[in-house]
2 protein chains.
Amino acid sequence: MAPKPAPRPLPNVLLISLIPVASWFVTRPLLSPSPPLPALFASVGFSIFAFLAALYLVPALGPTFIKANLKGKDLLKVYSDPIPESQGLVCASIYILLLILFIPFPFSNSVASLPESGTTLEGLQGVASLHHELSVYLSSLLSLLMATILGFLDDVFDIRWRHKVPIPVIAAIPLLMVYYAEGGNTHVVIPLPFRRFFGVLVNLGPLYYVYMSLLSTFTTNSINILAGINGSEVSQALIIALSVILNDLLYLPWPIGFRIPLHLLGGQAEVEVGGAWHAGMAYGSSELVARHLFSLYFMLPLVGVCLGFMYHNWYPARAFPGDTLCYVTGMAFSVVGIQGHFSKTLLLFFLPQIFNFVLSCPQLFGLVPCPRHRVPRFDPDTNLLHPSKALFLRPPSKLASLVLRVFSSLGLTELTIHPNNGTILEATNLTILNFLLVRLGPMTEKRLVQVLMAVQVAGSVLAFSVRYGLANLVYDGDRR
Amino acid sequence: MAPKPAPRPLPNVLLISLIPVASWFVTRPLLSPSPPLPALFASVGFSIFAFLAALYLVPALGPTFIKANLKGKDLLKVYSDPIPESQGLVCASIYILLLILFIPFPFSNSVASLPESGTTLEGLQGVASLHHELSVYLSSLLSLLMATILGFLDDVFDIRWRHKVPIPVIAAIPLLMVYYAEGGNTHVVIPLPFRRFFGVLVNLGPLYYVYMSLLSTFTTNSINILAGINGSEVSQALIIALSVILNDLLYLPWPIGFRIPLHLLGGQAEVEVGGAWHAGMAYGSSELVARHLFSLYFMLPLVGVCLGFMYHNWYPARAFPGDTLCYVTGMAFSVVGIQGHFSKTLLLFFLPQIFNFVLSCPQLFGLVPCPRHRVPRFDPDTNLLHPSKALFLRPPSKLASLVLRVFSSLGLTELTIHPNNGTILEATNLTILNFLLVRLGPMTEKRLVQVLMAVQVAGSVLAFSVRYGLANLVYDGDRR
């Protein structure tokens, strides 16, 4: 039996060269003259520190995790050495601790160099608004921290998935409570075709809170069920976070102007981004700038920890994320979607997850048998992954047969049919990973995660086209 | 071998009778006419729910904890059945979740029925102050949540005590960051005899943050090291919390007036408390009322969970608190001491802990050998506890001998002396529990925890005498 691969080497040159860079970014806002968006500089610095901390602490704490029985066997390998599990806890701890240390940069009067007048570019309009933003920021941290605890408890107590689906709702409670206490906006903008019935704005009231809870349940669980191969969870989180960052950057004031040729995507007009310190696509709205800055503060360090962790979680994995990583990243996306008021755009970045969820529904809701693990089957001789299968011990119900035949005709699953009576004996498990293997044929685990990442990137490209191309057809510029 | 005692019975009549009472308290602020301190009503209601939740969830989750290997053997019993350990996690989760659900009551415009004018009794002076108070409240919750995580990680990873002493500082970071971002007061009032040198107020600046970190380190660890017998941790927390509540109540506006005969305690004048809706000892200062209300919001539900947990942790214990309970209760005391600006008064309630800490110093700092457990020794034949002893494998150093002989002459420890050369062979372990056994003779575990509680109560009585009697000698009314 081949032994577990040795720990990945840690290039010390990276540490030595990045620490001064990160330190410069963190101290830059404190130096005079302060840059236009001082807290963003600090955020970039903290993100580099987050990357370095994850890169070095994840392997350093591995043996401690194994000793505390937080370990797992890699199901898709020939060796069976224990791999430290739940190391998303390390990532989450670094992430949240840095977000806490970051507090004085955007929220302290002295550091944030509060605008006396004129510098409304900062997006913070005064002391009262600063208090308000700090409350919102702290409630987001509380939700992230609760997601971390709940994810870790899930890892320690090994909660069954049916029981754990609603868990993210608990973690979202601080968000909702502060949203309520602060008199948060519960209005939604109605798409153009429906305005004749509902008007421009509709107050969803309590339904808005239900929507926010469902959003956090979805972002958390959808990453958690698209799991099972080395690097799958963290690469999804990484690409979604990068997409959110790209979207945020469009709304920042940039010293350069450029145009996005939206007519290529079907848009009516070109979108002009930037202009000398005008607020990008926010068109001067300091509120929009503030929202997207807020989002960046959460997304940049998330990219940092995800990159650092991915180095060790990449095939063949030296560390597993556990549910903790899925919970904390999922909650981070909900936080920025809710507090930044771009939850619809956010959901567009979850296209592969939505596809995987819809595909999984027959198994999740008990129509088709659901084995404990739905990861692809590993063939140790060829080192290739094949689609894993769900076995029908009893003949499937009529509804299940119908669903599976429809899925099969769409190429989503492969069925094994009894040669005589035509009943379904087996179906490949209904996940995007098995779907990719059905469509593209057996491949190595490393190639499969690369394909998955390509799908995620393609999803984001599509998302941007829809958001900035097609959305003009159903929404005007009136976004509140 | 005698089996472990059965789970304590849960009287359903308590559940049935207390739920309507708690519900009334929670809904009362929403009914018109709203009571003078609406959020306090809700807090009392939530505290009753906290009590019930701890009472029922602790035994219900016991088997889950044992299954997840969170279990311990009771060292001072004849049976060796596993007892669920770290169940302070259940208490902490209930406590923090209820504190989060409580947010709208004091901090939402609609529920808190913000004063248009006149109702400054509420202690909340408007929207800006409300935002500020919410930030402070949320940062306190973050610190409590971090203390919970760190305590639980300590239980799971079994961190050595030398490494874990500074851990509470990490949990205090959110408190300190928000204190800084909100431009918190770092001035201290100088006692009268020193005012000629320093003036009335001194700005400690960064030292004030060091003081706050040290305070949270002390409150957390001092409860953690006064542990080892059934009910010791939770009873300390309970009595300290009740003392803080009693102190808070002195500052609330009461519809009745009464006098405290302070001349009996050596005070100059009687203290008049209350008067028709005048703010107790706050003498009309709505800021003082707000601080002590804030403290009550944290202390009342803490008493609830502690009472509920104590029912199961009482001799013979069916559940162990773990480090989690010590961390979260210790942090809760730091939170109210820091945010309520009565940290000196708070420390007075820790007299037995301070005594235990000073007594422990020779062992904590390596002067005297420190065994893994310093709990008293159990004699299974008589069912009595005797002082446990530290054995000198090498003769003690001159300094250690001196310290131990001084302690011995003060009656704090009992030494075993070599009959010929007079060197110290053994000393009873330097904890308050062993001290009590040395002074009062062997007793049962149940009696020892009762004596410990009596000591804690006596400490609080002394604390109140010092605070409201002697403090007048070194401070005037000028408290900021």
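**Exercises on the interface of chains A and B**

In this predicted model, 39 residues of chain B are in contact with 39 residues of chain A, contact being heavy atoms within 4.5 Å. Local features need pLDDT of at least 70, side-chain atom pairs count only at pLDDT 80 or more, and totals for chains, interfaces and linings use all residues. Residues are numbered from 1 along each chain as its sequence is written, and side-chain values use heavy atoms, without hydrogens and water.

**Exercise 1.** Determine the area buried between chain B and chain A, and which three residues of chain B supply the most.

*Solution.* Buried area is the accessible area (1.4 Å probe) that two parts lose on being put together, summed over both. Here the value is about 3300 Å², with 86% given by carbon and sulfur atoms. Of the area that chain B buries against chain A, H131(B), L142(B) and F157(B) supply 17%, more than any other three residues.

**Exercise 2.** State how many salt bridges the count gives between chain B and chain A.

*Solution.* The criterion is a side-chain nitrogen of Lys or Arg within 4 Å of a carboxyl oxygen of Asp or Glu. The count between the two chains is 0 salt bridges.

**Exercise 3.** Establish how chain B is related to chain A.

*Solution.* Copies are superposed by least squares on the C-alpha atoms of residues with pLDDT of at least 70 in both. A rotation of 180 degrees with 0.0 Å of shift along its axis places chain B on chain A (RMSD 0.0 Å). This is the relation of a two-fold axis. S135(B) comes closest to the rotation axis among the residues of chain B, at 2.4 Å (C-alpha). Because 100% of the interface residues of chain B are also interface residues in chain A, the copies meet through the same surface.

Conventions:
Chains are lettered from A and ligands numbered from 1 in the order in which they are written.
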